[in-house]
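Let's take a friendly walk through a protein structure together. Please have the sequence and the 3D view open as you read.

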Amino acid sequence: MKRRLPRPNEVLPLIGAPDLRTSPLQRRLSRCATVMDVRAVARRRVPRAVFDYVDGAAMSGTSLRRSRDAFRRVEFTPRVLRDVSTVDTRVEVLGATNALPFLLAPTGFTRMMNAAGEPAVARVAAERGIAYGLSTLGTTSIEDLAAAVPECRRWFQLYVSRDREIAADLMHRAQAAGCDTLILTVDTAVGGIRPREVRHGLTIPPRLHLGTLADMATHPSWWFDALTTEPLAFANLTSTSGPVGDLLTRMFDPTVTLADIPWIREHWQGSLVVKGIQSVADAELATEAGVDGIVLSNHGGRQLDMGAAPLELLPDVAARVGERVEVYVDGGVMSGADVVAAVALGARGVLIGRAYLYGLMAGGESGVARVVDILEKEVRVTMQLLGAPTISDVRQAQVRLRPV
Ligand SMILES: Cc1cc2nc3c(=O)[nH]c(=O)nc-3n(C[C@H](O)[C@H](O)[C@H](O)COP(=O)(O)O)c2cc1C
C-alpha cells in the first residue's frame with residue numbers, strides 16, 4: 001500500500017462544523033434516531049417528578065412491561081420483489097382520513113411536561129394530518145385548544161364523573177368546539193396506584209419546597225417556563241387542586257356501566273369510542289351496545305397491574321368484532337415497526353401516548369414533531385421492507401406472534 005501525507009484541502013471538508021443556524025436543542029433532537037433516544041433527552045430536561053409521572057406505571061410495572069414486550073414477539077414474513085417505490089400510509093379513521101396509521105392519545109397534565117402543552121401537540125397533529133385526543137384532565141380548555149389550533153382534528157376524552165352534570169356539560173362543550181369523536185375511557189373505575197408518583201407526592205399545582213430550589217438549578221428552562229406562563233391547572237374543570245390520587249378518585253365514577261351508553265348518546269352526536277377494553281368478552285358487549293370503535297388498552301399499564309398486553313388480545317378481538325366496529329390498540333408502542341405490526345394483526349390504527357410526551361418533555365413542539373418524524377419514517381420503511389406499500393397490503397401481510 002502506498003502512503004502519503006494527509007492533505008488539508010481533502011481533510012477539512014470532512015470535519016463537520018455544527019450548523020449554527022439551528023439551536024442546540026434542534027441539533028440534539030435531530031441526532032435522536034429512536035423514540036428511546038428522545039426519552040433520554042427528556043429525562044435530562046424536566047424535573048424527576050415530571051419524568052416519572054410520564055414514564056411510570058402501576059405497581060410492579062408488569063402491565064407496561066408486558067405491553068412493550070409483546071411487540072418483541074412479532075414476526076413478519078416479508079414479501080420481496082414487489083414495487084414499493086411509493087408508499088401510502090393513509091387510513092380511514094371514523095369517517096375521515098388519517099395521514100398515518102397512528103393518532104395521538106389523550107393524556108392529562110400535558111402542560112406539566114412542557115408549558116407549550118396541548119396546543120403544541122395539536123399543531124404537530126394538524127401539520128401531519130392525524131387526530132389528537134384532548135383529555136378531560138387536560139391543562140388547556142376545550143375552547144382554548146379549538147381557538148389555538150382549529151385545523152386539528154380534535155377528539156375529546158371523557159371521564160364520567162360522579163356528578164353527571166359535569167360530564168354532560170363537557171360533552172356539550174366538546175361538541176360545540178368541533179370535536180368529532182368522544183373517547184370514553186373505561187379502565188379507570190378508580191385511580192391506579194403508581195409508586196413513582198406516590199414517592200414524589202405529586203400535586204397540582206406543583207408544591208415548591210427546599211428540594212425544588214436544587215431542582216431549579218438543574219432544570220432552569222422547565223422552571224422558567226413553568227413560573228412565567230399560566231399556572232398549571234385542569235383547565236376543563238374547576239376547583240381541582242390537591243394530591244393527584246385524590247383528584248382522580250373524585251373524578252372517576254365507579255358505578256359507570258354499559259347501561260350509561262344511551263345516556264351518553266343523548267348528549268353526544270359524534271362518533272363514540274370506548275377506550276380501555278381488555279377482554280374479548282367486553283369487546284363483544286361494547287360492540288353490542290352500539291359504539292363506533294373500541295381501543296384495546298390498559299391505559300399504558302398505569303391502571304391495573306399484571307394485566308394482559310393489548311397487542312396479544314388484538315388478533316382474537318379483531319376476529320370477533322372487527323367487522324362491526326373499528327378496533328384500535330395502544331400500550332407500549334415505541335416505534336413505527338410496532339405501529340405496522342399492530343395494523344397487520346388487525347388494528348385499524350394505533351394510539352401513541354408516552355412516545356409523544358417524551359418529545360414534548362425533550363423539546364416542546366419540536367420534540368413532538370421529531371417523534372412523529374421518527375415514527376413516520378419507521379412506518380414507511382417497515383411497509384417497504386415488508387412488501388406492503390399500502391395499509392390494505394399491511395392488513396394482508398403475513399405476521400404472527402411467536403409463542404412465548
Ligand atoms: C402521562 C399520561 C397521562 C395519561 N392521561 C390519560 C387521560 O387523561 N385519559 C386517558 O384516557 N388516558 C390517559 N393516558 C393513557 C393514554 O391515553 C394511552 O392509553 C397510553 O399512554 C398508551 O400507552 P403508551 O404510553 O405506552 O403509548 C395517559 C397516559 C400517560 C402516559
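The paragraphs below visit a pair of helices, the surroundings of the ligand and one arginine.

Keep in mind that this is a predicted model. Start with helix H3, residues 35-45, and helix H18, residues 354-386, whose axes come within 10 Å and cross at roughly 165°. An angle over 145 degrees counts as roughly antiparallel, so H3 is roughly antiparallel to H18. The crossing of these two helices is right-handed. On the H3 side, the contact is made by residues including Val 35, Val 38 and Val 41, while H18 brings, among others, Ala 355, Tyr 358 and Ile 374. Sorted by class, the residues of this contact are 10 nonpolar, 2 polar and 3 charged.

Now look for the ligand, which has 25 residues around it. Those that come nearest are Ala 105, Gly 108, Ser 135, Gly 300 and Gly 353. Helix H4 (48-55), strand E13 (349-352) and H18 each give two or more residues to this shell. Here you meet H18 again: the largest share of the shell, 3 residues, comes from H18. The shell as a whole has 10 nonpolar, 11 polar and 4 charged residues.

Our last stop is Arg 194, in the loop between strand E7 (181-185) and helix H10 (195-200). Is Arg 194 buried or exposed? Arg 194 is buried, because 23 other C-beta atoms lie within 10 Å, and 20 or more are enough to count as buried. Leaving aside neighbours within four places in sequence, Arg 194 is in contact with Gly 56, Ala 57, Ala 58 and Arg 302. Asn 236 is 42 residues from Arg 194 along the chain, and their C-alpha atoms are separated by 24 Å.

Technical notes. Residues numbered from 1 in each chain as written. Predicted model: local features only at pLDDT ≥ 70, side-chain atom pairs only at ≥ 80, totals over all residues. Axes fitted to C-alpha atoms, helices over the stretch in contact; angles between N-to-C directions. Helix = DSSP H or I, 4+ residues; strand = E, 2+ residues; numbered from the N terminus. Parallel < 35°, antiparallel > 145°, perpendicular 65-115°, else oblique. Left-handed = near helix turned anticlockwise from the far one by under 90°. Contact = placed C-beta atoms within 7 Å. Nonpolar A, V, L, I, M, F, W, Y, C, P; charged D, E, K, R; others polar. Near = placed C-beta within 6 Å. Buried ≥ 20, exposed ≤ 12 C-beta atoms within 10 Å, placed from the backbone.
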